[in-house]
Amino acid sequence: MKLSQLQIGQQGIIKEFTDLEMSVKLMEMGCLPGECIKLERIAPLGDPIAVSVAGYQLSLRKLEASTIELI
Amino acid sequence: MKNKKRIALVGNPNTGKSTIFNALTGLNQKIGNFPGVTVDKKSGFTKLADGETIEVIDLPGTYSLYPKSADETIVFEVLADKQNSAHPDMVVVVADATNLKRNLLLFTQIADLGLPVILALNMIDLAKKGNIEIDIDGLAKRLNVQVVALAARKSQGLDDLKKAIQFQSETALQASTIAVKSLAPEIISEVATRLNISNPYVALQVAHQHGNLKYLSKDERQEVQEVLQQHSFHSPKIQASETIARYSFINEVLLDTVKHTTVAIEESISNKIDHYLTHKVWGFVIFIGILFAIFQSIFAWSEYPMMLIETLFVWLEKLGHDYLPAGALTDLLIDGVLAGLSGVMVFIPQIALLFAFISVLEDTGYMARVTFMMDRLMRKVGLNGKSVVPMIGGLACAVPSIMSARTIENWKERMITIMVTPLVSCSARLPIYTLLISLVVPNKIVFGFIQLQGLALMGLYVMSIVAAILVAWVMKFILKSKLKGYFIMELPVYRMPRWRNVGLTMYESVKTFVTEAGKVIIAVSIVLWVMASYGPGDRFEKIEQKYSGPAYTQKFSEEEIDRMAASEKLENSYAGLAGKAIEPGIKPLGFDWKIGIALITSFAAREVFVGTMATLYSVEGDADDMNSVREKMANAKNAETGLPVFTVASAFSLMMFYAFAMQCMSTMAVVYRETKHIKWPVIQFVYMLVLAYVASYLTYVMLS
């Protein structure tokens with residue numbers, strides 16, 4: 001399951017990344033394999049999304065979220 | 001004398017780094033540039049307990065030493081290049097105590113660079129509130145650095161930080177964090193030997209970043225390139241394993257030193273606020289409401305201080321005319337410089353308020369939500385959600401706004417943002433709009449509540465934003481780029497604005513505005529006054545001879561002759577001739593040669609318009625006339641037709657011209673510095689001029 005497939009309020013645990021370059025950016029922002037990640041909100045126009053991870057909130061586009069595989 | 005000790009503040013965004021910086025330096029700070037790049041360098045001075053004064057530099061906020069946007073590059077460059085004039089003796093890493101894990105990533109990177117380092121844990125009060133227990137001494141022992149706990153917003157812990165700085169040893173003592181060398185052993189050792197770098201982590205960073213590092217020579221870059229090719233260096237892969245290694249080190253450290261029991265409370269409050277502020281419908285309604293309220297307040301609150309400034313200048317002008325000896329120098333001083341300055345200084349209250357509101361929006365965290373809401377829309381026209389910040393800032397001034405576009409990682413999105421930001425109506429256009437609207441739009445209220453003049457002004461603002469979006473959409477198809485755009489951004493929790501920061505922003509913006517605009521206006525006023533007061537060859541003598549002949553002296557009174565002579569002199573002065581030269585080109589837009597002169601001078605800066613008009617009409621009229629520029633312009637008649645110069649058609653046409661044309665040298669200079677290529681400001685200048693001409697022409701034809 002991908003992060004982009006979560007419903008609002010659902011959460012998952014990060015398993016791996018499918019895009020190496022994106023993974024470096026995401027990890028620097030605290031999205032690490034093993035971290036719990038929860039979909040908080042979707043922007044009014046359907047994209048981007050806001051997730052809470054590692055104790056803070058992060059916004060990212062759906063396309064970027066689709067590179068995060070969840071357990 | 002020994003140079004002052006210099007410390008650099010480094011940290012993630014939203015850690016309160018600038019609050020600490022402001023608390024340390026107060027008003028004792030200045031904004032300059034880092035050598036060779038235009039990233040704002042905020043520096044200031046602070047006094048330690050032992051009386052020593054040290055320099056403090058605030059480096060741009062970043063999550064890691066690997067830069068994702070243009071201004072983050074500077075962090076590594078300043079820290080690694082010992083020759084850099086901003087290179088610090090010591091680094092203070094500011095970390096958010098409520099989110100230590102992520103914040104320590106940057107700390108471990110900095111620690112490995114081998115500079116003396118202090119760890120400042122900010123927001124310790126919030127961490128306590130969230131039941132996060134941090135063993136500060138344990139952390140200090142484990143990392144072997146000084147660790148200071150702060151609550152900068154409450155001004156707690158600053159003295160401890162100063163003490164730590166005072167007692168910091170001059171050599172780096174921190175424990176090593178990860179086995180850097182094992183990440184890429186051959187590459188690190190070879191880059192280190194070839195470029196003579198002693199620190200292995202600096203060598204690794206150079207291997208990753210060599211293409212962007214300005215302090216490396218061409219040969220050095222070439223050498224690094226060779227090494228990398230030889231060993232088939234895969235940058236993202238090594239970065240990924242480094243990041244993972246660092247996090248496992250951090251986990252180990254935190255396991256012993258931090259007890260984390262519950263999540264911060266603020267988060268849940270923030271979530272509730274976001275439920276409304278980023279709501280499908282209410283989100284946009286609130287956003288538009290906030291913008292509307294800001295503009296209403298800017299006009300309402302600035303009315304009184306503006307009146308005071310105006311009165312002050314009228315008083316100064318009168319004082320000058322009363323007490324200074326009459327003559328050319330007095331005329332220059334009063335009709336040129338003072339008139340020019342007053343036209344602009346009047347706008348200080350509005351500019352200060354606009355900057356204050358924008359800084360409140362950013363400080364509270366609301367701007368990040370606007371970015372979040374608008375990203376989808378902005379992406380459709382080739383922009384990024386983050387383009388909203390420069391575009392809203394463009395309402396104040398395009399220069400800092402274009403610099404703020406650096407946060408946009410994607411080249412194409414950033415370029416388009418830079419290209420369209422100057423279209424957004426900035427505060428320098430406001431004097432022109434206000435003046436011209438008051439000339440031709442009646443001060444009437446229609447439908448009971450809509451003020452006509454205000455409506456016209458708002459129309460101009462809306463039009464400018466629509467134009468910016470349309471141009472962006474066109475550019476989306478013209479600019480080519482294969483790179484993907486990113487939108488990975490932290491949404492900070494809502495916080496009360498730090499009024500001290502807001503105050504400092506206001507103070508800084510007004511200071512910059514007064515000195516920068518003041519310089520240009522004084523220079524332009526003097527040049528213009530000279531050009532309007534002297535003419536080529538013996539034209540002026542001939543005019544005097546003509547009017548002293550009996551054909552005039554018998555028919556007209558002395559006063560009338562003076563006026564006619566003055567007006568013919570202006571027409572034959574250098575400025576007049578320049579205006580006349582472009583008159584055929586601007587006649588279709590409804591402008592005469594006098595407006596032509598204003599257009600020419602306005603290419604230095606728009607706000608010069610009002611001053612130019614003041615100078616031109618004062619040179620022509622008699623000096624005792626204390627009428628305001630507005631009245632002089634209202635009475636202006638076309639010499640040939642005898643009709644008023646400023647009609648609805650010509651005034652709106654002129655406003656269109658000022659709305660679209662690139663009349664700001666500072667903006668062009670900053671676009672050049674930001675894009676590093678002369679072609680961008682040139683393209684921008686040309687497309688905006690074409691747009692201005694067409695819009696003016698259509699407006700004039702339709703309204704007359």
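This is a chat between a trainee and a mentor about a predicted model with chains A and B.

Trainee: Before we start, what should I know about the model and its numbering?
Mentor: This is a predicted model, in which local features need pLDDT of at least 70 and side-chain atom pairs count only at pLDDT 80 or more, while totals for chains, interfaces and linings use all residues. Residues are numbered from 1 along each chain as its sequence is written, chains are lettered from A and ligands numbered from 1 in the order in which they are written, and side-chain values use heavy atoms, with hydrogens and water left out.

Trainee: OK, how many residues of each chain are in contact across the A and B boundary?
Mentor: On the chain A side there are 34 residues in contact with 39 residues of chain B, where contact means heavy atoms within 4.5 Å. The area buried between the two chains is about 3400 Å², with carbon and sulfur atoms giving 60% of that; buried area here is the accessible area (1.4 Å probe) that two parts lose on being put together, summed over both.

Trainee: And which three residues of chain A supply the most of what chain A buries?
Mentor: Those are A:Glu28, A:Pro44 and A:Arg61, which supply 23% of the area that chain A buries against chain B, more than any other three residues.

Trainee: Switching topic, how many disulfides are there?
Mentor: The search of the whole structure finds 0 over all chains, taking a disulfide as a pair of cysteine sulfur atoms within 2.5 Å.

Trainee: Why is A:Cys31 without a partner?
Mentor: Because the closest cysteine sulfur, in A:Cys36, is 11 Å from the sulfur of A:Cys31, which is too far for a bond. A:Cys31 is buried, with a relative accessible area of 0%, whereas A:Cys36 counts as partly exposed at 38%; buried means under 20% relative accessible area, exposed over 50%, and partly exposed in between (1.4 Å probe, protein chains only).

Trainee: Where is A:Glu69, and is it buried or exposed?
Mentor: A:Glu69 is in strand E5 of chain A, residues 68–70, and counts as buried at 15% relative accessibility. Helices (H or I, at least four residues) and strands (E, at least two) are DSSP runs, numbered from the N terminus.

Trainee: What does A:Glu69 contact further along the chain?
Mentor: Leaving aside neighbours within four places in sequence, A:Glu69 is in contact with several residues, including A:Met1, A:Lys2 and A:Ile13. A:Lys2 lies 67 residues away along the chain, yet the two C-alpha atoms are separated by 4.6 Å.

Trainee: Now chain B, which residues are buried in helix H22?
Mentor: In H22 of chain B, residues 539–548, the buried ones include B:Phe540, B:Ile543 and B:Tyr547. They cover an arc of only 60° around the axis, so they sit on the same side of H22(B); the arc is that of the directions from the helix axis to the C-beta atoms. The face turned away from that buried side carries the exposed residues B:Lys542, B:Gln545 and B:Ser548.

Trainee: Last one, what does UniProt place at B:Asn22?
Mentor: The UniProt record, an unreviewed entry, places the feature "binding site" there, and such annotations may be inferred rather than shown by experiment, with positions given in the numbering used here and feature names shortened. In the model, B:Asn22 is in helix H1 of chain B, residues 17–25, and counts as buried at 4% relative accessibility. Not counting residues up to four places away in sequence, B:Asn22 touches B:Gln29, B:Arg500, B:Asn501 and B:Leu504.
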